[in-house]
Amino acid sequence: MSANTFALVVESSAKHPRPDQQFTYGTAGFRMKADLLDSVIFRVGLLAVLRSKSHRGKTVGVMITASHNPEHDNGVKLVEPLGEMLAQAWETYAMDLANAATPDALVAALNKIIAAENIDLAQHAAVVVARDTRPSGPALVASLVDGVKALAGVITDFGVMTTPQLHYVTRCINTKGTPDAYGEPTAAGYYKKLADAYLKIAKGRKPLSALHVDAANGVGAPALRELAATIGDQHLGVVIANDDIATRGKLNHNCGADFVKISQKAPEGIDLKPGQRWCSLDGDADRIVFYYADASGKFKLLDGDKIATLAAGYIMSLIREAKATHADGTPLKVGLVQTAYANGSSTAYVRDTLKVPVVFTPTGVKHLHHEAEHFDVGVYFEANGHGTVLFSKAAVKAFEATAGKSESERAALEALRTLSDLINQTVGDALSDMLMVEVVLLGTQQTLEAWDAGYTDLPSRQEKVKVQNRALFVPIKADTELAEPAGLQDKINEQVAKFRKGRCFVRPSGTEDIVRVYAEAETVQETEDLAYTVCGIVFDGYGGVGERPAKFKRVAA
Ligand code: 16G
Ligand code: MG
């Protein structure tokens, strides 16, 4: 293609100059300080048009968010037509475009994608975009619009939405009018779909006590308010805390799912009383964790692992009750997908008590999602609270085709059908997961304490170490070990062997310029010792930068 075809691209890209910076499409897309993102997002607009054309004009989604990260960060990720994360090969294209240093290089990168993917430039292209509540969002949407228009794509701006809502509308648009129609492609359609499914199960049941929701001062606050209004307060009592999206600096600040999970304490400024039920969303409402204070006032966390076991246990019991099988009588395959961050106790509970097979993948939703698709009912959750339950076409068919011989069989089948509507099939969704948990607890009239009693978490600890070059750390075996730097894994193993129930791994973050250290052991003290010892080993021997945190331990040579 001649440079002429791209005259508008070259002209527009001059308005979005590229800073001298290397950009990486990581675990969750491009993510960094918002003021570095203008050129990247313009170029993501170009890429989104090409992706749509390569899907023969199907609509591609773009979400502008930095999730649980600080308010001054922002980010962007692309969503495939059925709501999945961007295909891996296209991540490379995204980086080629973002890092092209001159107009000529940009045109060359575009031509390379067009040739490799055999794209017909005359093909129509459609893109939808939404953003979270970050102040930098509107300007970045404008950059994206410029990019989409520079390649003559059509763009629809859905304004402020949660990340899962953007995934939902993308799938709805592309399935509208087909047998796989997913719903109305609007925010209202999303609330109605969830509310209808929830009410089918909740109506006629004794409501639980109010659920207090920390909305991280983000988009989850207005979204939950809409959802709760659509459901009606006689069937779901929610009390929303941290719902200030107007005041700068509050988003995710000392609150939200990530803060609660990492610091293992309640958000600051809330009054957590024994007997209350609490949960926290993250800044774009695709993660959720629950918690409560026990009788002595001690903070107790119910993280993604606990949600996964609750869901898997409940769905297994429904399948048994419904006697649902494939048409040929073979049982439905239920499985659970976890990452290295899953608490060891949860894995043991799933395998030994629930008797559900467990599969491990590297960190990052796309890996878990993909693996969960191999089951009829694939439950996947990261410990951080991101996850969902996927139902295969065959499973949905089984729920529909099975007649049900008794009242209880029919009720279980109806519950399974409803769950497949209630649970977001595109991506982990805090609001959908919240309703899923409520439905399970309603069905069994369980308190958070009773839910928590299934198994006891081993103490765990997550730490960060700032290093010169995190790319030197090469994880293998689903992030549980390091292939490089040479020798480091042996040193970690040597430490782990000293602790009862010790487990520890180091991996480079895909979203921040650090490496992460995870440790668990029999006691809190041992867990901290193990974590800080390994942090010290990494910092001292493998390029630690900045001030050495005093808590990091030194190992005698
Ligand atoms: C992103 C991922 C999440 C992963 C986390 C790891 C999505 C939607 N989210 O938040 O799955 O756990 O990154 O972050 O893909 P890290 O690489 O910085 O530890
Ligand atoms: Mg998030």
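This briefing covers the metal site, the ligand 1 site, one sheet, the annotated domain and some local backbone features. The model is predicted. The magnesium ion (ligand 2) has protein donors from Ser67, Asp282, Asp284 and Asp286, and 16 residues surround ligand 1. A UniProt domain annotation, from an unreviewed entry, covers two stretches of the chain.

**Magnesium site**

- The donor atoms to the magnesium ion (ligand 2) are OG of Ser67 and OD atoms of Asp282, Asp284 and Asp286, at 2.0 to 2.2 Å from the ion.
- The sequence spacing of these donor residues is S-x214-D-x1-D-x1-D.
- Two of the donor residues, Asp284 and Asp286, are both buried.

**Ligand 1 site**

- Of the 16 residues that surround ligand 1, the closest are Glu382, Ser509, Gly510, Thr511 and Arg516.
- Ser509 places a polar side-chain atom 2.5 Å from an oxygen atom of ligand 1.
- Gly510 contributes through its backbone: a polar backbone atom is 2.6 Å from an oxygen atom of the ligand.
- For Thr511, an N or O atom in the side chain is 2.4 Å from an oxygen atom of ligand 1.

**Three-stranded sheet**

- An open sheet is formed by three strands in the order E15-E19-E18, with antiparallel pairing.
- Strand E15 (460–465) and strand E18 (503–508) are the edge strands, each pairing on one side only.
- From one strand to the next, the twist averages 15 degrees.
- Strand E19 spans residues 515–520 and is joined to E18 by six bridges, the two running antiparallel.
- Within this pairing, Val517 in E19 stands opposite Val506.
- Arg516, one of the closest residues to ligand 1, falls within the span of E19, residues 515–520.

**Annotated domain**

- The UniProt record (unreviewed entry) carries the annotation "domain: Phosphoacetylglucosamine mutase AMG1" for residues 205–289 and 303–442.
- Residues 205–289 are 24% helix and 18% strand, and the end C-alpha atoms of this span lie 24 Å apart.
- Residues 303–442 are 54% helix and 13% strand, with the end C-alpha atoms 19 Å apart.

**Lys193**

- Lys193 is located in helix H7, which covers residues 187–202.
- The relative accessible area of Lys193 is 16%, so this residue counts as buried, the cut-off being under 20%.
- Its side chain reaches the backbone oxygen of Tyr182 at 2.8 Å.

**Backbone features in loops**

- The peptide bond from Glu484 to Pro485 is cis, with omega near 0 degrees.
- Pro485 sits in the loop between strand E17 (481–484) and helix H17 (488–496).
- Asn254 is a residue other than glycine with a positive phi, near 55 degrees.
- The loop that holds Asn254 lies between strand E7 (238–241) and helix H9 (256–263).
- Asn254 has 26% relative accessibility and therefore counts as partly exposed.
- Gln264, also not a glycine, has a positive phi of about 50 degrees.
- Gln264 is in the loop between H9 and strand E8 (277–281).
- With a relative accessibility of 38%, Gln264 counts as partly exposed.

How values were computed:
Residues numbered from 1 in each chain as written. Chains lettered and ligands numbered in written order. Predicted model: local features only at pLDDT ≥ 70, side-chain atom pairs only at ≥ 80, totals over all residues. Heavy atoms only, no water. Donors = N, O, S within 2.8 Å, 3.2 Å for Na, K, Ca; no water. Buried < 20%, exposed > 50% of the residue type's maximum accessible area, 1.4 Å probe, protein only. UniProt positions renumbered as here; feature names shortened; annotations may be inferred. Helix = DSSP H or I, 4+ residues; strand = E, 2+ residues; numbered from the N terminus. Pairing = 2+ DSSP bridges. Axes fitted to C-alpha atoms, helices over the stretch in contact; angles between N-to-C directions. Near = heavy atom within 4 Å. Polar contact = N/O pair within 3.5 Å; in protein donor to acceptor, adjacent residues only side chain to side chain.
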